[in-house]
Amino acid sequence: MPRPNGWLRPSDPGAKAPAPPRALLAAVLTGLLTAWLMDSGLGVNLLLCGTVAATGAGLSAWSAGRRIRAWTVAWSALALALLAVPALFDAGWPTVLSTVCALALASLALHGGRRWAGVLLALPGILWQLVPGLRWARDGLRGLALPGRGKVVPVLRAVVVAAVLLTVFGWLFASADAAMADVLGSLSPSLDLGELPLRFVLFVLGLVTALGFAHIAAGPRRWDRTVIRPGRERGRLEWVLPLAALNLMFGAFALVQAVVVLGGRDSIMENTGMSRSEYARQGFWQLMAVTVLTLVVVAVAKRWAPRSTESDRRLARVLLGALSLLTLVVVASALGRMWFYVDASGLTRLRLWVLVVEAWLGVVFVLLITAGLVRSAAWLPRAVVLSGALTAAVYGLMGPDAIVAEQNVARFERTGQIDLRNVRDLSLDAVPALDRLPANHRTCALEKQWFDLPDEASPWYATSLAESRSRGILLDHPPVGPGNAASDACKAVGLQRGFFGEY
């Protein structure tokens, strides 16, 4: 009887190197930094903790005799770049996306992987290494020889002595000079007994995550060895007929789009009775669904395509290549429709996000077409993941909320039109652009950011550059005065509050 987890056996790492003391020390330091710095918010602290955890994983890999490869460096550099997003911008969704992508890329960097199974299974690989990482660390501590203890104990002793000295002398300096007290207060987090449970949870989270990465580095599971059996070949008729029909439909759509594009705006109005904005809004989401479903069709068709003879393989490449090429027309049409929609109604977070995703899907289809034209497509899995990681990095590092605010303000300066509902819920990243609006528009647009602004600035390690800059703008020129100034300003520019208080 086959074992339930028998499919994992080919990817077993075999012998795993023991936990080196320096990697364990780096994991403990990661936990301490996480508990010390991460309770007040996210900023450069996430990058600092990630760098220390990466150092521990590197020490574990070096102790295990692993070599540094070009792809390992690329994935690691991208992961650290993604962790820098909260240090630059305040928006929540890009921070979450960047953090998740950074963890996945770090896992891929340590596991390695070339084939689809190796790459896709390595991305979430850290999740099932957290508990084994604790056992690995426990075994490493039990087997720690005296020379190893001699290296670790002096370091720990030095850290404790330094902490005591800094605490004593820091308290004396702070008591002697108010300016020094402000400086030390901004550099070091405050400690409250009520915060101890949260700090303990953060310590465990940082420690376990760092140990999980170090455990992978000591002997990763080789997901590339996972056996993925190819699908049963289908007959030519039952495989070719659906794909040929789909290609014809895609070709008809491409022809219609060519007519619409050549006819321009007048053609849209004459043939459909819709404005450009209505035409864009009516079809964008359907076209995006078509793009995603086509990826599924290509994957399924590739798995069950006939491949016994050279002519079978050539036919598969032709049909799937034609479908991918025609899908680029769908991608271009979807992007064009959304661009018309943004031009007519303004940019929002959602519209920017789907524009980015649709553009990335277009890149994926270009990679699929290229893979069909060359002799070997072994590079394709890593290229697809790399394109996705670069897209996530560019999206986070460009400041989506700042881009949305800038586009809407520029549109207002050009046309005198702005839908303030598109910008009222943006993060502090949007403040510099919204600050350029006229008085009533500015007051209405910045009401939420003003009332959500904390009374005290976050510590340097838990804030972003955008938040620091926006705080200065809002405090220098408060957008909301006493009374119902914001509500009156919104009414003055035509934005009415609804029955439930929303705009």
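**Charges, patches and cover in a predicted model**

Modeller: In this predicted model, Phe173 has its place in helix α8.

Colleague: Why is Phe173 called partly exposed?

Modeller: Phe173 has a relative accessibility of 48%, and since buried means under 20% and exposed means over 50%, with partly exposed in between, the value of 48% puts Phe173 in the partly exposed class.

Colleague: What makes the nonpolar surface patch, and which helix gives the largest share of the nonpolar patch?

Modeller: The patch covers about 870 Å² and is made by Val161, Val164, Leu165, Val168, Phe169, Trp171, Leu172, Phe173 and Met180. Helix α8, which runs over residues 146-176, supplies the largest share with 8 residues. A residue needs over 30% relative accessible area to enter a patch, and Phe173, at 48%, satisfies that part of the rule.

Colleague: Which residues gather in the patch of positive charge on the surface?

Modeller: That patch brings together Arg67, Arg69, Arg114, Arg222 and Arg225, and Arg is counted as positive. One of these residues, Arg69, sits in the loop between α2 (44-63) and α3 (70-83).

Colleague: Is Arg69 buried, partly exposed or exposed, and how do you know?

Modeller: Arg69 has 48% relative accessibility, and because the partly exposed class lies between 20% and 50%, Arg69 is counted as partly exposed.

Colleague: How do you know that Arg424 forms a salt bridge with Glu447?

Modeller: The closest N and O atoms of Arg424 and Glu447 are 2.9 Å apart, and because a salt bridge asks for such a nitrogen within 4 Å of a carboxyl oxygen, this pair qualifies. The pair links distant parts of the chain, with Arg424 in the loop between α16 (400-415) and α17 (431-434) and Glu447 in helix α19 (residues 447-452), 23 residues apart.

Colleague: Why are Arg424 and Glu447 called buried or exposed?

Modeller: Buried means under 20% relative accessible area, so Arg424, with 10%, is buried, and Glu447, at 13%, counts as buried too.

Colleague: What makes Arg442 and Asp435 a salt bridge, and how is each of them classed?

Modeller: Their closest N and O atoms lie 2.6 Å apart, and as the limit is 4 Å, Arg442 and Asp435 form a salt bridge. With buried meaning under 20%, Arg442 is buried at 4%, whereas Asp435, with a relative accessible area of 27%, is partly exposed. Elsewhere, salt bridges that share partners join Glu406, Glu413 and Arg436 into one network.

Colleague: How many salt bridges does the structure hold?

Modeller: The structure holds 9 salt bridges.

How values were computed:
Residues numbered from 1 in each chain as written. Predicted model: local features only at pLDDT ≥ 70, side-chain atom pairs only at ≥ 80, totals over all residues. Heavy atoms only, no water. Patch = residues over 30% accessible without salt bridge, like charges linked within 9 Å, V, L, I, M, F, W, Y side chains within 5 Å. Areas by Shrake-Rupley, 256 points an atom, 1.4 Å probe, with all protein chains shown as cover. Salt bridge = Lys/Arg side-chain N within 4 Å of Asp/Glu carboxyl O. Charge placed at Lys NZ, Arg CZ, Asp CG, Glu CD. Helix = DSSP H or I, 4+ residues; strand = E, 2+ residues; numbered from the N terminus. Buried < 20%, exposed > 50% of the residue type's maximum accessible area, 1.4 Å probe, protein only.
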